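This report describes one protein chain, going from the overall fold to the aromatic side chains. Please keep the sequence and the 3D view open while reading.

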Amino acid sequence: MAGLTAAALAAVGFLAYQASATAPSPAELAARPTTPSTAPSATASGRPKPPKDPMALPAGSGSGERVVYALADRRVWLVNAKNQVTRTFSVMPSTVSPPPGAYAVSSRSGAVRGSDGVQIEHVVRFATVQDVSVGFSAAVDGSTPEPDPSRRTGGIRMKRADGDALWTFAVIGAKVVVVA
């Protein structure tokens with residue numbers, strides 16, 4: 001029994017030494033920010049840049065009632081006639097993206113099978129790029145996986161609740177503005 005206790009103490013001592021050898025010194029800890037993942041990044045002037053507000057519309061997204069789709073942000077905003085955001089949500093872009101510009105909803109489908117073989121609902125199409133229809137949709141199973149880069153698909157996927165909101169908002173002829 002004493003041999004097991006001695007072996008356990010030796011193992012704990014070794015692990016403690018190993019941890020202290022790789023741990024930063026108190027001076028190094030004091031020099032680090034306490035929450036680096038949430039700390040604002042610095043701008044060229046050296047001032048901290050405030051975190052991006054997801055409700056803030058991207059520049060150049062137009063005015064009036066519209067759906068705004070920001071390619072780089074992978075985000076959609078539903079904007080009412082008073083230029084107020086009524087809802088915003090993240091999306092998973094398709095492998096084929098429309099160029100920035102203004103479009104109109106051209107067709108809608110309640111439920112179909114997507115070009116990737118997934119059962120989808122609330123399909124709102126607004127563009128065609130090189131013979132690929134581009135539109136918003138939600139997978140019936142609720143998934144939003146990365147699209148297969150080897151396939152040309154135009155489905156911009158979102159969660160089902162967001163798809164419901166977009167379906168209600170974006171009727172035929174509704175304006176869709178795509179920004180970089």
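How much area does the protein chain expose, and what share of it do carbon and sulfur atoms supply? The exposed area is about 10700 Å², and carbon and sulfur atoms supply 59% of it.

The model is predicted. Its protein chain has a mean pLDDT of 82, with 72% of the residues reaching 70 or more. Over residues 6-42 the pLDDT stays under 50. For that stretch the model has ten contacts beyond four places in sequence.

**Overall fold**

Three helices and nine strands are found in the protein chain. Their order along the sequence is α-α-β-β-β-β-β-β-β-β-α-β. Of the 180 residues in the chain, 31% are buried. Among contacts with a separation of 6 or more, 49% are between residues 24 or more positions apart.

**The open sheet**

An open sheet is formed by five strands with mixed pairing, in the order β3-β2-β1-β9-β4. Its edge strands, β3 (85-90) and β4 (101-104), each pair on one side only. From one strand to the next, the twist averages 20 degrees. Within this sheet, β1 (residues 66-70) pairs with β2 (residues 75-79) in the antiparallel sense, over five bridges. In this pairing, V67 of the one strand stands opposite L78 in β2.

**Aromatic pairs**

A search of the whole structure finds three aromatic pairs. Two of them are set out below.

| Pair | Geometry | Centre to centre | Angle between planes |
|---|---|---|---|
| Y69 and F136 | edge-to-face | 5.7 Å | 80 degrees |
| Y103 and F126 | edge-to-face | 5.7 Å | 70 degrees |

Y69 lies in strand β1 and F136 in strand β7 (residues 132-139), so their pair ties together parts that are 67 residues apart in sequence. Y69 counts as buried because its relative accessibility is 0%. F136 also has a relative accessibility of 0% and therefore counts as buried.

In the pair of Y103 and F126, Y103 belongs to strand β4 and F126 to strand β6 (residues 119-129), so parts 23 residues apart in sequence are tied together. F126 has a relative accessible area of 4% and is therefore buried.

Which residues form one aromatic cluster? The cluster consists of Y69, Y103, F126 and F136. Its member Y103 lies in β4, which is one of the edge strands of the open sheet, whereas Y69 lies in β1, which pairs with β2.

Key
Residues are numbered from 1 along each chain as its sequence is written. Side-chain values use heavy atoms; hydrogens and water are left out. pLDDT is the predictor's confidence in each residue, from 0 to 100. Contact means heavy atoms within 4.5 Å. Helices (H or I, at least four residues) and strands (E, at least two) are DSSP runs, numbered from the N terminus. Buried means under 20% relative accessible area, exposed over 50%, partly exposed in between (1.4 Å probe, protein chains only). Accessible areas come from the Shrake-Rupley method with a 1.4 Å probe; for residues, only the protein chains shown count as cover. Two strands pair if DSSP finds at least two bridges between them. Axes are lines fitted to C-alpha atoms, for helices over the stretch in contact, and angles run from 0 to 180 degrees between N-to-C directions. Rings of Phe, Tyr and Trp (its six-membered ring) pair if their centres lie within 6.5 Å; planes under 30 degrees apart count as stacked, over 60 as edge-to-face and the rest as tilted.
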